[in-house]
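Here are my notes on the model you asked me to look over. Keep the structure open and follow the points in order.

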Amino acid sequence: MPAVDFDPFAPEHRPNPYPLYRRLREEAPVYQSPRGPWLLTRYADCVALMRDDRFGHGTRQRLLDKSKWRKPAEGRALPFILLDPPEHTRQRVLASRAFTPRAVHRQIPLIEKLVDEMLDAVIDAGEVDLVEAFAYPLPATVISGLLGVPAADRELVRGWSSLIARGVDPDYQYSADQKRERDEALASFDAYFAELAAEKRRNPADDLLTALIAVRDEGAGGDEGGEGEGRLSEPELLSICTMIYVAGHETTTDLLANGTLALLKNPEEFRRLRADPAGLAESAVEEFLRYDPPTQLTRRTALEDAKLDGHLISRGEQVIIVRGAANRDPSVFPDPDRLDLGRTPNKHIAFDGGIHFCLGAALARLEGRIAFAALANRTSDIELATDEPAYRSNVTIRGLSALPVRLRS
Ligand code: HEM
């Protein structure tokens with residue numbers, strides 16, 4: 001028996017899971033938790049698992065149904081983040097035809113404008129909650145604009161989105177009522193995007209939903225009608241919209257808030273960023289992603305019996321990549337508990353490193369770079385207005401529920 005008895009989902013680890021990650025990595029790097037899933041905490045093991053095709057989601061083999069994780073409701077498609085090849089590959093390729101680097105690049109002026117406006121409202125304004133005033137609305141407004149969700153609907157979809165973000169945690173975390181709420185949120189999103197897609201079909205716009213509809217309706221090359229290689233089905237289209245909407249801001253909010261908190265707790269590094277915001281913002285974002293990643297855990301299922309470091313993982317068993325632990329593995333990151341905004345190289349795995357590599361990484365990096373450069377440029381001081389900021393109950397997507405601060409110009 002290992003000396004650790006670690007339930008990664010226990011609430012007491014939320015504020016600071018890193019000491020436990022470290023013990024696990026040192027004492028039981030391939031560890032079966034009391035809840036069942038295996039946990040990997042060494043960098044090399046996590047990277048190997050992300051690229052190991054003996055592990056996946058097991059949707060096709062119905063392994064997903066056996067597990068306690070989300071099943072698709074009648075008539076719904078699972079988002080491709082939960083699919084294995086070849087279904088995953090086909091949908092990802094099709095979605096990428098609409099969600100292009102050019103579409104991301106075109107967001108720069110909007111992001112800069114939003115950052116300026118939001119900071120104008122909070123600098124020298126006394127105590128503010130930086131999550132509510134900045135870290136949440138910035139990515140939510142950007143992803144809404146990109147997808148084509150009207151501003152008037154944002155509050156409506158906000159509640160559904162947070163229920164879904166929380167719903168990526170293991171089912172046993174939640175009561176039957178909470179699971180029902182999450183499934184209702186997914187259904188509400190589907191109905192919402194179905195209606196919005198109908199509207200965009202009547203009035204095409206310069207947005208991602210219109211571009212995805214083109215991939216859905218016209219196909220992406222040589223497909224002879226119906227769904228298939230070159231087309232998305234209607235349920236696939238809707239699940240992609242929901243996935244991009246939710247993935248597009250819940251995590252980026254946490255990058256902005258977790259990163260700001262890291263700066264406040266490391267004033268030397270904040271001074272360093274202030275001295276050279278343009279030069280340092282890019283590597284600072286990478287360091288925030290390494291140091292306190294918004295996506296702490298990712299689950300995979302053994303598609304066949306497999307040995308990991310001498311342990312037999314039976315078909316259908318769950319293995320969890322603990323990104324937050326791998327990102328602080330001292331064999332890859334010297335002095336890993338130190339925040340070093342200039343760290344190079346910095347091959348963290350906050351965006352994954354296999355076939356599911358984050359589709360929105362470029363957008364998240366862009367928002368982070370502009371936001372942190374502006375925070376450093378425009379403030380002379382940010383003072384934390386609480387001793388210990390509170391975390392949301394989520395485990396998989398880790399972030400603050402509020403960040404009370406005072407910003408001075
Ligand atoms: C700091 C912000 C973000 C972080 C830390 C993050 C992290 C991740 C991670 C770890 C995965 C892989 C999950 C897995 O392996 O199961 C992923 C996948 C994904 N992310 Fe992100 N993400 C961020 C922002 C975004 C944004 C802004 C978007 C879209 C606009 C986005 C869209 C996606 C999509 C669609 C996938 C699924 C890719 C696939 O399955 O092939 N993400 N993200």
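1. Start with proline 86, which sits in the loop between helix H3 (63-66) and H4. Have a look at the bond just before this residue: proline 85 and proline 86 are joined by a cis peptide bond, with omega at about 0 degrees. Most peptide bonds are trans. Bear in mind throughout that this is a predicted model.

2. There is another cis bond to look at. The peptide bond running from threonine 344 to proline 345 is cis, and its omega is near -10 degrees. Proline 345 belongs to the loop between H16 and H17, so keep that loop on screen, because it comes up again below.3. Now for the backbone angles. Most residues other than glycine have a negative phi. Aspartate 309, which is not a glycine, has a positive phi of about 50 degrees. You'll find aspartate 309 in the loop between strand S6 (306-308) and strand S7 (311-313).

4. Aspartate 352 also deserves a look. Its phi is near 75 degrees, a positive value in a residue other than glycine. Aspartate 352 lies in the loop between H16 and H17. Is aspartate 352 buried or exposed? With a relative accessible area of 7%, under the 20% cut-off, aspartate 352 counts as buried. One of its polar side-chain atoms is 3.2 Å from an oxygen atom of the ligand.

5. That brings us to the ligand. Which residues come nearest to the ligand? Of the 28 residues around it, the nearest are His88, Arg92, Arg300, His356 and Cys358. For arginine 300, a polar side-chain atom lies 2.8 Å from an oxygen atom of the ligand. For histidine 356, the distance from a polar side-chain atom to a ligand oxygen atom is 2.6 Å.

6. Next, the iron atom of the ligand. Which protein residue is its donor? Cys358 is the only one, through its SG atom at 2.3 Å. On the chain, cysteine 358 is placed in the loop between helix H16 (323-326) and H17.

7. What is the shell around the ligand made of? By class, it has 16 nonpolar, eight polar and four charged residues. Helix H4 (87-98), helix H12 (234-247), H13, strand S5 (297-302) and helix H17 (361-378) each give at least two residues to this shell. The largest share, three residues, comes from H13.

8. While you're at H13, find threonine 252, which is part of this helix (residues 250-265). Threonine 252 has a relative accessible area of 4%, so it is buried. Leaving out residues up to four places away in sequence, threonine 252 touches Pro139, Ala364 and Glu367.

9. Helix H17 is a nice one for a quick check of geometry. At 1.5 Å a residue, its 18 residues should span 26 Å, and the end C-alpha atoms are 25 Å apart, which agrees. Of those 18 residues, 13 are buried, so H17 is largely enclosed by the rest of the structure.

10. Last, pick out alanine 362, which lies in helix H17. Alanine 362 counts as partly exposed because its relative accessibility is 49%. Its C-alpha atom is separated by 28 Å from that of leucine 407, and the two residues are 45 apart along the chain.

Note on methods:
Residues numbered from 1 in each chain as written. Predicted model: local features only at pLDDT ≥ 70, side-chain atom pairs only at ≥ 80, totals over all residues. Heavy atoms only, no water. Helix = DSSP H or I, 4+ residues; strand = E, 2+ residues; numbered from the N terminus. Buried < 20%, exposed > 50% of the residue type's maximum accessible area, 1.4 Å probe, protein only. Contact = heavy atoms within 4.5 Å. Near = heavy atom within 4 Å. Polar contact = N/O pair within 3.5 Å; in protein donor to acceptor, adjacent residues only side chain to side chain. Nonpolar A, V, L, I, M, F, W, Y, C, P; charged D, E, K, R; others polar. Donors = N, O, S within 2.8 Å, 3.2 Å for Na, K, Ca; no water. Expected span 1.5 Å × (residues − 1).
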